[in-house]
Amino acid sequence: MEAPSSKKLCCTVCVHTVKSIPVIFILCILAWSYYAYVYHLCLSRVTSVELSVPYLLVYHIILVLFLWSYFKTIFTEPSGAPPNCLFILLQFRLPEEVFEEFNRNPIDLSRQSAILRDFAENLPIMTFTNTNEHFFSDIRFCDKCKIVKPDRSHHCSVCRKCVLKMDHHCPWVNNCVSYSNYKYFILFLAYGLLMCIFVAATTIEYVIKFWDITTDMRIQDGSYKIHIIFLFFIASMFSLSLFSLLAYHIYLVSKNRTTLESFRPPKFLEGSDKNGFNLGCCRNIREVFGKEVLLWPFPIDTRLGDGVIYPLASDLKSNDSVRQSSNKSRTPFTV
Ligand SMILES: [Zn+2]
Ligand SMILES: [Zn+2]
């Protein structure tokens with residue numbers, strides 16, 4: 001009889017494989033488009049070296065940046081704070097004895113609420129549960145991870161953990177898009193769009209020629225025709241979807257809002273405010289991309305902060321000293 005542990009392992013492998021299908025699909029499309037573009041277009045169809053060399057050069061530069069961003073988005077740990085800030089997250093975890101007391105039978109909602117409020121008293125949190133989100137307390141708490149949720153974090157049921165500044169779980173990268181990889185995700189969309197536009201722009205001339213009976217394109221060269229026509233249509237189709245997704249995320253970055261926050265605004269002491277983290281367009285962009293503009297186009301870690309404490313729009317107002325003094329442990333980074 002098969003041991004339960006091997007069944008569990010088999011099950012885990014199956015789940016991982018199924019979750020990886022969209023990534024495998026994208027990589028297959030990419031591998032085929034590479035063959036179609038490099039072999040069928042640049043090496044076979046484009047006879048002029050003055051054209052094929054720049055085509056190949058630009059294509060490969062965009063491809064490297066695209067793959068670099070894509071793999072960084074896929075393989076960056078979603079819940080991760082920067083290594084030098086990991087200790088901050090430890091403060092949010094309920095010690096085992098506190099969690100046991102919290103879960104002690106019979107369940108008493110007022111006791112649970114008191115334990116959470118007591119534990120969270122000195123934590124740097126400024127957001128609370130929306131109405132009816134949690135039945136026993138307004139402190140945002142995850143009983144699966146046993147932590148008080150830092151501002152802007154959410155529990156991802158696919159990743160099975162709480163994720164800092166969670167935007168959404170993206171099946172196309174098989175990962176959460178969050179504080180740790182948001183810049184990489186936006187670059188992935190941007191380079192994907194750039195590559196599709198470049199491929200569509202350089203193949204359109206040949207696609208038009210295929211329909212023109214006055215040209216000398218011979219009818220027996222059928223296979224490359226199919227590759228180039230498909231290449232053009234797939235690049236055009238992906239351009240449209242990538243453009244809309246990229247435009248939406250650029251809008252969210254400019255407003256310092258996650259996808260989840262755009263559907264459900266974070267709730268502060270004063271009430272829900274979708275612009276609670278909006279520091280102005282330039283500061284918002286620097287929060288994601290960093291202060292060094294020359295590093296913005298590269299998928300390297302330039303994000304600001306620790307993923308736990310965020311400056312608030314109201315922090316910018318010089319007369320708002322009440323909020324700052326109400327929480328001594330909270331020192332947001334400067335943008
Ligand atoms: Zn959680
Ligand atoms: Zn996730």
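**Membrane spans, a zinc site and two cores**

In this predicted model, residues 184–208 are 100% helix and 0% strand, with the C-alpha atoms at the two ends 36 Å apart. Residues 52–71 look much alike on paper: the span is again 100% helix and 0% strand, and its end C-alpha atoms sit 28 Å apart. Both stretches are listed in an unreviewed UniProt entry as "transmembrane region", along with residues 21–40 and 228–251.

Next comes the metal site. The zinc ion (ligand 2) is held by Cys156 (SG), Cys159 (SG), His169 (ND1) and Cys176 (SG), at 2.1 to 2.2 Å. Angles among the four donor atoms run from 102 to 117 degrees, so the site counts as tetrahedral. Along the chain, the donor residues follow the spacing C-x2-C-x9-H-x6-C. Cys156 belongs to strand β3 (residues 154–156) and Cys176 to strand β6 (residues 175–177), so this pair ties together parts of the chain 20 residues apart. Cys156 counts as buried because its relative accessibility is just 2%, and Cys176 is buried too, at 0%.

As for nonpolar packing, the largest core has 49 residues, and Tyr37, Leu41, Tyr59, Tyr182 and Met195 touch the most other members. Two or more residues each come from α1 (4–45), α2 (49–75), α6 (182–210), α7 (222–255) and α9 (281–289), with α6 giving the most, 16 residues. Tyr59, setting aside neighbours within four places in sequence, is in contact with Ser33, Tyr34, Tyr37, Val38, Met195, Phe198 and Val199. A second, separate core has 29 residues, among them Phe99, Phe102, Val148 and Leu304.

Conventions: Residues numbered from 1 in each chain as written. Chains lettered and ligands numbered in written order. Predicted model: local features only at pLDDT ≥ 70, side-chain atom pairs only at ≥ 80, totals over all residues. Heavy atoms only, no water. UniProt positions renumbered as here; feature names shortened; annotations may be inferred. Helix = DSSP H or I, 4+ residues; strand = E, 2+ residues; numbered from the N terminus. Donors = N, O, S within 2.8 Å, 3.2 Å for Na, K, Ca; no water. Tetrahedral: all angles 85-135°; square planar, octahedral: opposite > 155°, others 65-115°. Buried < 20%, exposed > 50% of the residue type's maximum accessible area, 1.4 Å probe, protein only. Core = buried A, V, L, I, M, F, W, Y, C linked by side-chain atoms within 4.5 Å. Contact = heavy atoms within 4.5 Å.
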